[in-house]
Amino acid sequence: MSNKIALVTGSSRGIGAAIAVCLAKDGYDVVINYLNRKDKALCVLEQVEALGRRGIIVQADVSDREQVNKMFEKVRQELGNVDLLVSNAGIAGMKQIQDLTAERWHEFFAVNVDGAFNTIQNALPNMLAEHKGCIITISSMWGLRGASCESAYSATKAALIGLSRSLANELAPSGIRVNCVAPGVINTDMLDELPEEIMDTLAEETPLRRLGTEDIASLVSFLASDEASFITGQVITSDGGFVV
């Protein structure tokens, strides 16, 4: 029996890195996708291999269709077909809408939405042929609620929710499950630049009075498992009660 293969986009650090390691613990061979931080990707690969699983790192800008096509070809050659796709790669940023350039707006959609589209389309042929597979998109609580000064980010994360729900209906007859995770504020290295007082405020504004840690990785692990085999088309928040 062949090993299960998971591809996690944007998995050199932060939420994506935690997901990659968690899936290795679950028995997946893991594809670690990165854009710039090869050093971080190699660190994640070391953790995956230390758990006795195979892994590879692949540099690819998910907004670039040709790069994504080449990434999947490399994965097929070195590991096999992708059974689980976690569309996690994304960009964020704060800017009032009147100060947002058209170029920056399109960049948000290119990475956050086109990136999901490009990877999903590459993963689907084998999933459709096998009548099985799992796709998990990583949105945000701001895709549900909207965030001041983050209109572009919120719009793209809302788009991922719509995409996931539509695909769940479209692909369910083929045995493919699609779910969406909407994280709250997760304490990763992406927040390192924030002042301590801002971090404290975010924790205080979260009803559970703390920031998330490994919570998203654990949720993705569950959604990919056999225990969740009857769950599809859902948008599940893990935000400490921030959006109720």
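Which residue forms a salt bridge with Arg104? The partner is Glu107, and the view of helix α4 below shows the pair. The model is predicted, and every value in these legends is computed from it.

**Figure 1. Overall view of the predicted chain, with eight helices and seven strands.** The C-alpha atoms fill a box of roughly 50 × 35 × 35 Å along the principal axes. For 244 residues, a compact globule would have a radius of gyration near 18 Å, and the 17 Å of the chain agrees with this. Buried residues account for 50% of the 244 residues. Of the contacts between residues at least 6 apart in sequence, 72% join residues at least 24 apart.

**Figure 2. Surface and charged side chains of the chain.** The accessible surface comes to about 11900 Å². Carbon and sulfur atoms contribute 50% of that surface. There are 21 positive and 31 negative side chains. The centres of these two sets lie 4 Å apart. The count of salt bridges comes to seven, and three of the pairs are described in the next legends.

**Figure 3. Close-up of the salt bridge between Glu107 and Arg104 in helix α4.** The closest N and O atoms of the pair are 2.8 Å apart. Because the two residues are three apart in helix α4, about one helical turn separates them. Glu107 has a relative accessibility of 37% and therefore counts as partly exposed. Arg104 is also partly exposed, with a relative accessible area of 27%. Elsewhere in the chain, salt bridges that share partners join Asp29, Arg53 and Arg54 into one network.

**Figure 4. Close-up of the salt bridge between Asp29 and Arg53.** The N to O distance between the two side chains is 3.3 Å. This pair links distant parts of the chain, 24 residues apart. Asp29 belongs to strand β2, residues 29-34, whereas Arg53 is in the loop between α2 (38-50) and β3 (55-59). Asp29 counts as buried because its relative accessibility is 0%, and buried means under 20%.

**Figure 5. Close-up of the salt bridge between Lys74 and Glu78 in helix α3.** The side chains of Lys74 and Glu78 meet with an N to O distance of 2.7 Å. Helix α3 covers residues 65-78. Lys74 and Glu78 are four residues apart in this helix, so about one helical turn separates them. Both ends of the bridge are partly exposed: Lys74 has a relative accessible area of 31%, and Glu78 has one of 40%.

**Figure 6. Close-up of Thr119 in helix α4 and its contacts.** Thr119 counts as buried, since its relative accessibility is 0%. Leaving aside residues up to four places away in sequence, Thr119 touches Thr9, Val62, Val68, Met71, Phe72, Leu85 and Ser87. Thr9 is 110 residues from Thr119 in sequence. In space, the C-alpha atoms of Thr119 and Thr9 are 8.5 Å apart.

**Figure 7. Close-up of two loop residues with positive phi, His131 and Cys149.** His131 has phi near 55 degrees, a positive value in a residue other than glycine. The loop that holds His131 runs between α4 (102-130) and β5 (133-138). Cys149, which is not a glycine either, has a positive phi of about 65 degrees. The place of Cys149 is the loop between α5 (141-145) and α6 (151-171). With 30% relative accessibility, Cys149 counts as partly exposed.

**Figure 8. Close-up of Pro173 in the loop between α6 and β6.** Strand β6 covers residues 176-183. Pro173 has a relative accessible area of 67% and is therefore exposed, the cut-off being over 50%. Pro173 and Asn81 are 92 residues apart along the chain. The C-alpha atoms of Pro173 and Asn81 are separated by 20 Å.

Note on methods:
Residues numbered from 1 in each chain as written. Predicted model: local features only at pLDDT ≥ 70, side-chain atom pairs only at ≥ 80, totals over all residues. Heavy atoms only, no water. Rg over C-alpha atoms; globule rule 2.2 N^0.38 Å. Buried < 20%, exposed > 50% of the residue type's maximum accessible area, 1.4 Å probe, protein only. Contact = heavy atoms within 4.5 Å. Areas by Shrake-Rupley, 256 points an atom, 1.4 Å probe, with all protein chains shown as cover. Lys, Arg positive; Asp, Glu negative; His and termini not counted. Charge placed at Lys NZ, Arg CZ, Asp CG, Glu CD. Salt bridge = Lys/Arg side-chain N within 4 Å of Asp/Glu carboxyl O.
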